[in-house]
Amino acid sequence: MFGLGTVEVLILAVIVIALLAVGFAAMRAGARPAGPLAWRSPGLLPPVSADLQHRVRDLYAEGKKIEAIKVIREQTGLGLTEAKDLADALASGRPLPVAPGHARPDLASRVRELKAAGRGEQAVFLVRGETGMGQAEAERFVEAIDVADAGGGAGGGGA
């Protein structure tokens, strides 16, 4: 039909069977399809909205810890252990967890870097997402951060 001989048809059949075998093996191994977390570096959390943070805290206050973990898993795609650690941190007011060896600079340092790069709106978004602050409060926080120390210098403010 397409001018393929017996050898070519056999080669194509072997390739198709091999691809199917690899796909089934991945499914049996529990491989997750690429999704919203495919971009995420190991140890870094996906964005956690202020609404999600408030909902988790409310569920914990109502004694619904398992439901809070389920909500986190549904909205972030995190695994059970990561979701539990995140839920515990949110409920207790601790900083959001990161994997060992993946520590990141504190919030003020990251805001300072964003401001120095001229990305003030992103800095406000970052503050709102990590603290649950409202827009005006986050803007005041970002405005209060001095960009003069963006390089991490210990010196005073720049004049």
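**Exercise 1. Which exposed residues does the face of H3 turned away from its buried side carry?**

Solution. The structure is a predicted model in which local features need pLDDT of at least 70, side-chain atom pairs count only at pLDDT 80 or more, and totals for chains, interfaces and linings use all residues. Residues are numbered from 1 along each chain as its sequence is written, and side-chain values use heavy atoms, with hydrogens and water left out.

Step 1. Locate the element: helix H3 covers residues 65-76. Helices (H or I, at least four residues) and strands (E, at least two) are DSSP runs, numbered from the N terminus.

Step 2. Apply the burial classes: buried means under 20% relative accessible area, exposed over 50%, and partly exposed in between (1.4 Å probe, protein chains only). The buried residues of H3 are Ala68, Ile69, Val71, Ile72 and Thr76.

Step 3. Seen down the axis of H3, these buried residues fall within an arc of 160°, so they line one face of the helix. The arc is that of the directions from the helix axis to the C-beta atoms.

Step 4. On the face turned away from the buried side, H3 carries the exposed residues Ile66, Lys70 and Glu74.

**Exercise 2. Compare the span of H3 with its expected value, and identify what its buried residues pack against.**

Solution. Step 1. The expected span is 1.5 Å times one less than the number of residues. For the twelve residues of H3, 16 Å is expected, and the reach from first C-alpha to last is close to this, at 17 Å.

Step 2. The buried residues of H3 pack against helix H2 (50-61) and helix H4 (80-92), where contact means heavy atoms within 4.5 Å.

Step 3. Just after H3, Gly77 adopts a positive phi of about 80°.

**Exercise 3. Describe the packing of H3 on H4.**

Solution. Step 1. Two packed helices are described by the angle between their axes and the distance between the axes. Axes are lines fitted to C-alpha atoms, for helices over the stretch in contact, and angles run from 0 to 180 degrees between N-to-C directions.

Step 2. The axes of H3 and H4 come within 9 Å and cross at roughly 115°.

Step 3. H3 contributes Lys65, Ile69, Ile72 and Arg73 to the contact, while the residues from H4 include Leu80, Ala83, Leu86 and Asp88.

**Exercise 4. Are Leu86 and Asp88 buried or exposed?**

Solution. Step 1. Leu86 lies in helix H4 and is buried, with a relative accessible area of 0%. Its C-alpha is 9.9 Å from that of Ala68, and the two residues are 18 apart in sequence.

Step 2. Asp88 is also found in helix H4 and, at 17% relative accessibility, counts as buried. Leaving aside neighbours within four places in sequence, Asp88 is in contact with Tyr60, Lys65 and Arg94.

**Exercise 5. Which residues of helix H5 are buried, and what covers them?**

Solution. Step 1. In H5 (residues 107-116), the buried residues are Leu107, Ala108, Arg110, Val111, Arg112 and Leu114.

Step 2. Their cover includes helix H6 (120-131) and helix H7 (135-144).

Step 3. After H5 comes Gly118, whose phi is positive, near 75°.

**Exercise 6. Summarise the protein as a whole.**

Solution. Step 1. The secondary structure comprises seven helices and zero strands.

Step 2. Of its 159 residues, 25% count as buried.

Step 3. Among contacts with a separation of 6 or more, 43% come from residues 24 or more positions apart.
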